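Please walk through this protein with the sequence and the model side by side. The path taken here begins at a single loop residue and then turns to the fold, the core and the largest pocket.

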Amino acid sequence: MKKTLLISALSLSLFAAASACYVQGAGAEDLPSPRSLVVDGSLPREQAEAEMLAARRFYAFWNTGDESYLDAAIAPTFTDRTLPKGRPQGPTGPAFASKSFRAAVPDLSCEVEQLIVVGDHVVAHLRFRGRFTGTFGDREGAGQAVDFIATDILRVQNGRITDNWHIEDNLTLLQQLGVVAQ
């Protein structure tokens, strides 16, 4: 049986302080910290830290829209394994999705509820929040709250995300945007 390590909030904050570094164009990183973190205890420390750093940079991108975090997080060979219709494949896909979604929800935030690091994979449970004050298709927002969850499975190799499988609670999101009746 594999050993797992549950890291306390104190340990996580120490990890965050110890692993703070610089991203070209982003300055000192202000990365989101997960509320809960589980790390496979058999992973070499350097590998676990590299995988967590890549994931946290990816979610800093989703939290802020700052593409320098995205550039630091994903590999040039990045592949979206659950590519939605209309989104470009590869490294430009997440930037396209973020810009499109921020057109509807400019104050979008992404919180990392849970991060699980096992082998070369990171699983993340996420919560997205904001206000629909922009446009989505032909719909104009009226300031209604947006609050939905998502789950990612990331493959991380050499400190960069190479693959992503994701699922979002799109029914809740579309109901909140008024596209689908509740």
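In this predicted model, a relative accessibility of 83% places Asn158 among the exposed residues, because the cut-off for that class is over 50%. Asn158 sits in the loop that joins β10 to β11, and its phi is positive, at about 55°, even though the residue is not a glycine. That deserves a second look, since most residues other than glycine have a negative phi. A positive phi also occurs at Gly65, the residue that follows α2, where the angle is near 80°.

With that loop located, the chain as a whole can be considered. The protein contains 5 helices and 11 strands, and 41% of its 182 residues are buried. Among the contacts with a separation of 6 or more, 62% join residues that are 24 or more positions apart. The protein exposes about 9400 Å², of which carbon and sulfur atoms supply 55%.

What, then, makes up the interior? In soluble globular proteins, nonpolar side chains tend to be buried together. Here the largest nonpolar core has 42 residues, and the members that touch the most others are Phe58, Tyr59 and Ile161. At least two core residues come from each of β4 (36-40), α2 (45-64), α3 (67-73), β5 (74-80), α4 (92-104), β6 (109-118), β7 (121-132) and β10 (144-157), with α2 giving the largest share, 10 residues. The 20 residues of α2 should span 28 Å at 1.5 Å a residue, and the C-alpha atoms at its ends are indeed 28 Å apart, so the expected and computed values agree.

Ile161 shows how separate stretches of the chain meet in this core. Leaving out residues up to four places away in sequence, Ile161 touches Ala54, Ala55 and Phe58, then Ala73, Ile74, Ala75 and Phe78, and also Leu154, Arg155 and Val156.

A second buried position worth following is Leu70, which belongs to helix α3. Its relative accessible area is 2%, and Leu70 therefore counts as buried, the cut-off being under 20%. Beyond its neighbours within four places in sequence, Leu70 is in contact with Phe58, Phe61, Pro91, Pro94 and Ala95. For one of these partners, Pro94, the separation is 24 residues in sequence, while the C-alpha atoms of Leu70 and Pro94 are 8.1 Å apart in space.

Is Lys99, by contrast, buried or exposed? Lys99 lies in helix α4, and its relative accessible area of 56% is over the 50% cut-off, so the residue is exposed. The C-alpha atom of Lys99 is 7.5 Å from that of Gly65, although 34 residues separate the two in sequence.

The last feature is the space left open to a probe. The largest pocket holds about 630 Å³, and among the 28 residues that line it, those closest to its centre are Arg87, Ala97, Phe101, Glu168 and Asn170. Two or more lining residues are given by each of α2, β5, α4, β7, β10, β11 (160-168) and α5 (170-176). The largest share of the lining, 5 residues, comes from α4, whereas in the largest nonpolar core the largest share comes from α2.

Terms used. Residues numbered from 1 in each chain as written. Predicted model: local features only at pLDDT ≥ 70, side-chain atom pairs only at ≥ 80, totals over all residues. Heavy atoms only, no water. Core = buried A, V, L, I, M, F, W, Y, C linked by side-chain atoms within 4.5 Å. Buried < 20%, exposed > 50% of the residue type's maximum accessible area, 1.4 Å probe, protein only. Helix = DSSP H or I, 4+ residues; strand = E, 2+ residues; numbered from the N terminus. Contact = heavy atoms within 4.5 Å. Expected span 1.5 Å × (residues − 1). Areas by Shrake-Rupley, 256 points an atom, 1.4 Å probe, with all protein chains shown as cover. 1 Å grid on protein atoms, 1.4 Å probe; cavity = no way out; pocket = protein on both sides within 12 Å on 5 of 7 lines; lining within 4 Å. Points joined across faces, edges and corners; volume = space filled by probe spheres on them.
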